[in-house]
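Please look over the sequence and the structure shown here before reading on. The report is meant for a reader who has not seen them before.

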Amino acid sequence: FIRHGQASFGTDDYDRLSDLGLIQSELTGEFLAQTRVEFDAVYSGSMRRQIETAEKALARLPGGAVRSSLEVWPEFNEYSSGPVIGTLLPAVLRENPELGPAAAKMTEDRRSFQMVFEKVMDLWVSGRVEAAEGESFEYFTGRVASGVRKLMEQNGRKKTLAVFSSGGVIAVVMMLALGFSGPMAIKLNWLMKNASISTFLYNGSELMLSSFNSTAHLEAKNEAGLITYR
């Protein structure tokens, strides 16, 4: 599972890669080419930033490294944060009135956004207040789990697969593999780096973690600013 490169935070269209996100995606592809990995199948969610990351990375692989064309599965889309924020923010501010100043500038300041977003996500995962729009956390996790099951069933064993997706999706896959709670999955989501690679082993029905959130391919460039979280 590969997280998308940096998206365009603070712009009118968040769901596209930033210039840095394009570079991160290309470096990911260069790394995969160096490892000489061969994918039996490659998947992506249907969000633009996920597809762009897949296309940029796969373009760096030699011919024959991918044995089928990119398949787009909406099961691997990130949750829609906009509707969740819009409907749960009033409840968050009632419980945390000190966040009012941060909420007022969350669209242009990353730190303010994160402060407020963490509280919104805590409320979303808890289910104490149901969002009037967007998916519930329960529905989101069920959607991702369904996609993972279908992935294993469709491919069978002993296949090497790539899925280009997002931090929340990968956190849920971690939850499925390790059996921890929803709140822990969201905490892991905050740690997820752009263009990071997490690997899992699977058999007929079981998923097992092999490595998590690696950006060694970016760190090896020794260039300031390549490692980002949002």
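What follows is a short report on a predicted model, covering its pocket, its cores, its cavity and a few single residues.

## The largest pocket

The largest pocket holds about 650 Å³ of space. Its lining is made up of 29 residues. Those that lie nearest the centre of the pocket are Phe1, Thr160, Leu161, Thr199 and Phe200. By class, the lining of this pocket has 18 nonpolar, eight polar and three charged residues.

Several elements each give at least two residues to the lining of the largest pocket: helix 1 (19–34), helix 6 (137–155), strand 4 (161–165), strand 5 (197–202), strand 6 (207–214) and helix 9 (216–219). Strand 5 supplies the largest share, with six residues.

## Nonpolar cores

The largest nonpolar core contains 47 residues, and the members that touch the most others are Val120, Met121 and Trp124. At least two residues of this core come from each of strand 2 (41–44), helix 3 (81–95), helix 4 (100–104), helix 5 (110–126), helix 6, helix 7 (167–178), helix 8 (182–191) and strand 5. A second core, separate from this one, has 12 residues, among them Ala54, Ala65, Phe164 and Ile197.

Methionine 121 shows some of the contacts in more detail. With neighbours within four places in sequence left aside, methionine 121 is in contact with Tyr79, Val84, Ile186 and Trp190. Ile186 and Trp190 are buried residues of helix 8, as are Gly182, Ala185, Leu188 and Asn189. The cover over the buried residues of helix 8 includes helix 5, helix 6, helix 7 and strand 6.

## Aromatic pairs

Across the whole structure, a search finds 10 aromatic pairs. In one pair, tryptophan 124 and phenylalanine 137 have ring centres 5.3 Å apart and planes at 80°, so the pair is edge-to-face. Tryptophan 124 is in helix 5 and phenylalanine 137 in helix 6, 13 residues apart, and the pair links distant parts of the chain. Both tryptophan 124 and phenylalanine 137 are buried.

Ring pairs also form a cluster that links Phe1, Tyr43, Trp73, Phe76 and Phe200. Phe1 and Phe200 are also among the residues nearest the centre of the largest pocket.

## The cavity

The structure holds one cavity of 30 Å³ or more. The volume of the largest cavity is about 40 Å³. Tyr79, Phe137, Phe140, Gly168, Ala171, Val172, Ala185 and Ile186 line this cavity. Helix 6, helix 7 and helix 8 are the elements that give two or more residues to the lining.

Which element gives the most to the lining of the largest cavity? Helix 7 does, with three residues. The lining of the largest cavity has seven nonpolar residues, one polar residue and no charged residues. Two of the residues in the lining appear elsewhere in this report: Phe137 is a partner in the ring pair with tryptophan 124, and Ile186 is in contact with methionine 121.

## Alanine 177 and the strand 6 region

Alanine 177 lies in helix 7. Is alanine 177 buried or exposed? Alanine 177 counts as buried because its relative accessibility is 18%, and the cut-off for buried is under 20%.

Leaving out neighbours within four places in sequence, alanine 177 is in contact with Phe200, Leu207, Met208 and Leu209. Alanine 177 and glutamate 206 are 29 residues apart in sequence, while their C-alpha atoms are 7.7 Å apart in space.

## Two residues with positive phi

Most residues other than glycine have a negative phi. Lysine 158 is not a glycine, yet it has a positive phi of about 60°. Asparagine 213, also not a glycine, has a positive phi of about 60°.

Where are these two residues placed? Lysine 158 lies in the loop between helix 6 and strand 4, and asparagine 213 is in strand 6. Lysine 158 counts as exposed because its relative accessibility is 83%. Asparagine 213 counts as buried because its relative accessibility is 9%.

Methods. Residues are numbered from 1 along each chain as its sequence is written. This is a predicted model: local features need pLDDT of at least 70, side-chain atom pairs count only at pLDDT 80 or more; totals for chains, interfaces and linings use all residues. Side-chain values use heavy atoms; hydrogens and water are left out. On a 1 Å grid over the protein atoms alone, a cavity is a set of points where a 1.4 Å probe fits but cannot get out, and a pocket is an open set with protein on both sides within 12 Å along at least five of seven lines; lining residues have an atom within 4 Å of a point. Grid points are joined across faces, edges and corners, and a volume is the space filled by probe spheres set on the points. Helices (H or I, at least four residues) and strands (E, at least two) are DSSP runs, numbered from the N terminus. Ala, Val, Leu, Ile, Met, Phe, Trp, Tyr, Cys and Pro count as nonpolar, Asp, Glu, Lys and Arg as charged, and the others, Gly among them, as polar. A nonpolar core is a set of buried Ala, Val, Leu, Ile, Met, Phe, Trp, Tyr and Cys residues joined through side-chain atoms within 4.5 Å. Buried means under 20% relative accessible area, exposed over 50%, partly exposed in between (1.4 Å probe, protein chains only). Contact means heavy atoms within 4.5 Å. Rings of Phe, Tyr and Trp (its six-membered ring) pair if their centres lie within 6.5 Å; planes under 30 degrees apart count as stacked, over 60 as edge-to-face and the rest as tilted.
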